[in-house]
Amino acid sequence: MKWRMIDTKKGTRCRVLEGGSGTPVWPGYGDSTGDELLEDMLDFALHGWDLVDALGLSRPHVIGHSMGGMIAAEMACLGPRDLARLVLVGPAGVWLEERPIPDIFAMLPHELADVLFVDPARGAALLTGGADLSDMEALKDFYIVTQRRLAMAGKILFPIPNRRLSKRLYRLTAETLVLWGAADRLIPPEYAAQWKALIPNARVQTIEGAGHMLPWERPDPFVDAVVKFLA
Amino acid sequence: MKFTWFNLMPWPYLPDDFRERHRSVWVDIPNTLYDPRKGHHVYHTYLDQLEYAETLGFDGIGCNEHHQNGYGLMPSPNLIAATLARRTSRAAICVIGNSIAGYNPPIRVAEEFAMLDVMSGGRLVAGFPVGTSMDTNFCYGQIPALTRDKYREAHEMIMKAWASDEPFAFDGKYNQLRWVNCWPKPIQKPHPPIYIPGGGSIETWDFCLDYDYNYSYLSFFGYLRGKSLLDGYWERVAKRGKDDSPYRAAFAQIICVADSDAEAERLYAEHCLYFFNRCLHVFPPFADPPGYRTMATVKYGALSQLTRARQKILENLTWKQLVDERFIIAGSPETVRQQLEECIKGLRIGHLFCLFHNGNMPDWKTRHSSKLFAEKVMPRLRDLWPDYKHDERWWIHPMDDRLRPEEQRPGAEKKHEEWPR
């Protein structure tokens with residue numbers, strides 16, 4: 001596990017946990033185990049706080065993307081005074097009847113990239129690490145990894161990604177940035193307005209040229225927006 | 001051998017271009033394709049067939065549960081079974097079965113199955129499928145990764161409810177009931193025979209063997225493809241030190257009998273192709289949502305269903321392929337007898353679920369095929385397992401003095417009768 005220092009434009013410094021071996025990964029993802037212990041939304045949110053404790057952090061900034069955003073928001077509702085600022089990137093967890101979210105649990109492997117990325121061809125390469133899904137072995141490898149992750153995600157996202165977070169969001173008093181890819185085809189940008197309306201202290205920023213996988217598609221503007229907000 | 005006449009109850013009016021116009025026969029099939037007025041006729045045709053099968057001498061008559069499905073008109077198989085309980089009196093009524101992970105609370109299944117067992121005089125075979133992912137996850141909203149755990153808990157509640165003579169509290173993860181007190185209770189003791197339909201999950205084998213339940217492999221792709229799976233099952237049976245009674249296992253098989261092989265093709269080809277081309281046209285992700293199968297099963301199995309090639313196979317199937325590859329067993333009584341013997345011995349099964357009605361087959365052809373089978377094939381396959389002639393562990397044990405309501409006219413005068421003591 002490695003920490004890295006980032007300098008913000010305003011001269012403050014942030015300590016950021018770096019990806020790579022030893023970095024904590026959510027159970028059910030990568031080689032992280034223990035997924036059978038997390039069964040519902042409360043388990044997920046408390047696991048998030050367990051991780052904060054295990055890392056010895058006090059009042060951290062919390063950033064969550066997609067399902068991670070749903071977990072981060074739930075954590076912030078449970079312990080509103082235990083975090084500093086919150087960044088939600090295209091978060092799941094809210095459902096608008098007039099804009100139903102596509103069912104990612106009912107998609108062919110090659111259909112995923114279409115809803116996740118503004119540029120599906122580039123997205124597919126990012127998703128598969130460049131593997132060719134018409135090759136049976138590559139498909140099997142990709143399928144097994146994806147199935148394991150989505151099986152875990154399904155515990156809070158299936159069949160509808162709504163575990164009644166909306167009624168608890170009034171408790172989310174942390175200052176919050178809601179970031180959205182302007183071309184998000186999975187959770188469309190209309191959802192940003194709903195999050196802003198439900199969170200007492202939130203602002204919304206939309207980033208052009210990005211779909212649901214905003215941090216992968218436009219990493220520079222994404223990091224800029226986050227760093228600027230946290231500074 | 002025990003033979004059960006099974007009807008999936010397909011909708012016979014799917015349009016010719018169904019495959020091209022719609023992505024799935026299941027889950028999101030356009031429900032405008034269903035016509036309730038035609039449905040009235042269809043139900044009665046199918047119910048009549050099930051009753052007819054009893055008169056032909058089949059040991060059982062069977063139904064199952066599917067939701068939002070173009071080849072199944074039985075979201076509630078228990079309603080079908082209830083009508084059969086009143087109109088038949090000899091055959092086993094095989095409900096294969098109730099997808100118990102989807103019932104809230106599952107005590108409902110204990111109650112309804114008990115009702116059916118009592119109404120039928122102890123003729124219920126109770127099936128407890130995990131349920132296909134189409135039914136249990138996509139139509140009934142259960143979380144895929146938790147479905148098996150919820151199934152396990154539902155099974156525990158039902159079996160405890162049937163066994164217990166006193167009210168008890170059930171503190172489950174998915175179901176909490178302070179007062180479980182099954183009323184009525186089944187006639188068959190300790191419980192009706194229990195069948196676990198499996199589509200190929202290897203965990204199901206151990207579950208069946210833990211409780212000595214029948215393992216029913218329900219496939220539409222015939223015994224050549226079923227062989228490796230049943231071999232795996234029997235290996236497991238041996239490893240667990242259980243006896244190898246063929247009645248531990250059941251298999252479903254599409255069967256078409258005619259006077260000659262050529263006549264079988266002439267009579268039944270279009271209906272079987274309707275079944276394979278249209279009724280099995282399922283959008284692949286509906287069949288395998290993440291978490292529905294365990295990782296062990298995912299790694300064990302092939303991913304062929306996700307490939308375009310597999311979809312193409314169903315699209316371009318011919319009668320010759322169906323017959324040559326034994327997806328179906330079709331032909332003269334002698335052809336059918338010979339192939340079925342190979343199927344039964346090869347898979348080592350004591351129970352055969354026979355599918356005589358296929359796709360959009362009209363009533364007369366279904367009856368013709370069933371009758372030929374009952375008269376010319378069934379008698380010659382009866383005694384394939386002489387060593388297990390008296391093994392009734394996986395079959396019904398009805399009351400001897402049960403009533404025969406189908407023989408009474410509803411309006412007939414009845415003599416004054418007190419409640420029997």
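This dialogue goes through some backbone features of chain B in a predicted model.

Biologist: How are the labels set, and what confidence cut-offs apply here?

Modeller: Residues are numbered from 1 along each chain as its sequence is written, while chains are lettered from A and ligands numbered from 1 in the order in which they are written. As this is a predicted model, local features need pLDDT of at least 70 and side-chain atom pairs count only at pLDDT 80 or more, whereas totals for chains, interfaces and linings use all residues.

Biologist: Which residues does the cis peptide bond with omega near 0 degrees join, and where does the proline lie?

Modeller: Helices (H or I, at least four residues) and strands (E, at least two) are DSSP runs numbered from the N terminus. The bond from B:K189 to B:P190 is cis, and B:P190 sits in the loop that runs between β6 (176–180) and β7 (194–198) of chain B. Another cis peptide bond, with omega about 0 degrees, links B:I96 to B:G97, and B:G97 belongs to the loop between β3 (92–95) and α4 (107–119) of chain B.

Biologist: What is the phi of B:Q68, and is B:Q68 buried or partly exposed?

Modeller: A residue is buried if 20 or more other C-beta atoms, placed from the backbone, lie within 10 Å of its own, exposed if 12 or fewer, and partly exposed in between. B:Q68 is not a glycine, yet has a positive phi of about 50 degrees; because B:Q68 has 19 C-beta neighbours inside 10 Å, B:Q68 counts as partly exposed. Its place is the loop between β2 (60–63) and α3 (77–87) of chain B.

Biologist: Where is B:R326 placed?

Modeller: B:R326 is found in the loop between α13 (319–324) and β10 (328–331) of chain B, and its phi is positive, near 65 degrees.
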